[in-house]
Amino acid sequence: MPTRRDFIAGAATSGLLAAVPIDLSLPLHGGERPGAPAFALDDTDLSWATRLRGKSRAVFDSPQASEGGALFRAALWRKQINKVFGTPIEDVTPVVVFRHEAIPLVMDDAFWDHLGIGKDLKIKDPKTGKWTKQNPLTSAPPEFPDVSIPAFIKSGGIVLACGLAFGEVIWQYKEKDKVSQEEADRRARAHLIPGVIIQPSGFFAVLKAQDEGCHYMMGS
């Protein structure tokens, strides 16, 4: 059975998201940012709860990037449930919540390139030796077809994002592009990976998933 190490090697991203631990009191990419918003977005889309299927439900909590481990574990768990118990894939529902330091993982490649996320997280493209311009979870290697956010969502997985942490993404656009709060918000949402659902906060999403019968797993 493929291991997490195999996934990292197969994706050519060894050590890709090993972010340096950050003080929880600080903004996402370090450095004090007094202008960054400290409020949750008014996103209360709970339609994802109606998509939870079967008795095998789990929520994988990802407060840190941690090499994309939360998504890998969620996809692998679903396959293991199917193999061990014979439970149909469609009756197994994994939920991944990206929050805090992991919020860049729900953004597309254009965001990573434009905002220099690879440099922020000290992630280099192993092929070029330069800072990566791509989010490693926007595509998956052939041997791990489910380990990308688009494929995971298409296969029935649920991906949620923290509204508090997403406020940092909006702030980054506002500072980088010198635009209004409203325009920064529009740009940030335009570069959210399709299918990812923003929640009031990551911990709200984790607890709501547990209310809906999901077992909890620290994914990163």
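Start with the sheet. In this predicted model, five strands form an open sheet, ordered β4-β3-β2-β1-β5, with parallel pairing. Look at its edges: β4 and β5 each pair on one side only. Neighbouring strands are turned by 25° against each other on average, direction ignored.

Next, select β1 and β5. These strands run parallel and are joined by four bridges. Show Val59 and find its bridge partner in β5, Tyr216.

Now bring in two helices. Select residues 69-85, helix α2. Helix α2 lies across β1, β2 and β5 and runs at about 170° to β2. Then select residues 163-177, helix α6. Helix α6 lies across β3 and β4, at about 70° to β3.

Move on to helix α8, residues 202-211. Which of its residues are buried? Show Gly202, Ala205, Val206 and Ala209. Look down the axis of α8: the buried residues fall within an arc of 100°, so they line one face of the helix. Residues three or four places apart in an α-helix point the same way, because there are 3.6 residues a turn.

What do the buried residues of α8 pack against? Select β1 (56-62), β2 (92-98), β3 (158-162), β4 (197-199) and β5 (215-218). Turn to the face of α8 away from its buried side, where Phe203 and Asp211 are exposed.

Finish at the ends of α8. Ser201 caps the N-terminal end, with a side-chain oxygen 3.0 Å from the backbone nitrogen of Phe204. Just after α8, stop at Gly213, which takes a positive phi of about 95°.

Definitions and conventions
Residues numbered from 1 in each chain as written. Predicted model: local features only at pLDDT ≥ 70, side-chain atom pairs only at ≥ 80, totals over all residues. Heavy atoms only, no water. Buried < 20%, exposed > 50% of the residue type's maximum accessible area, 1.4 Å probe, protein only. Arc of directions from axis to C-beta. Contact = heavy atoms within 4.5 Å. Polar contact = N/O pair within 3.5 Å; in protein donor to acceptor, adjacent residues only side chain to side chain. Pairing = 2+ DSSP bridges. Axes fitted to C-alpha atoms, helices over the stretch in contact; angles between N-to-C directions.
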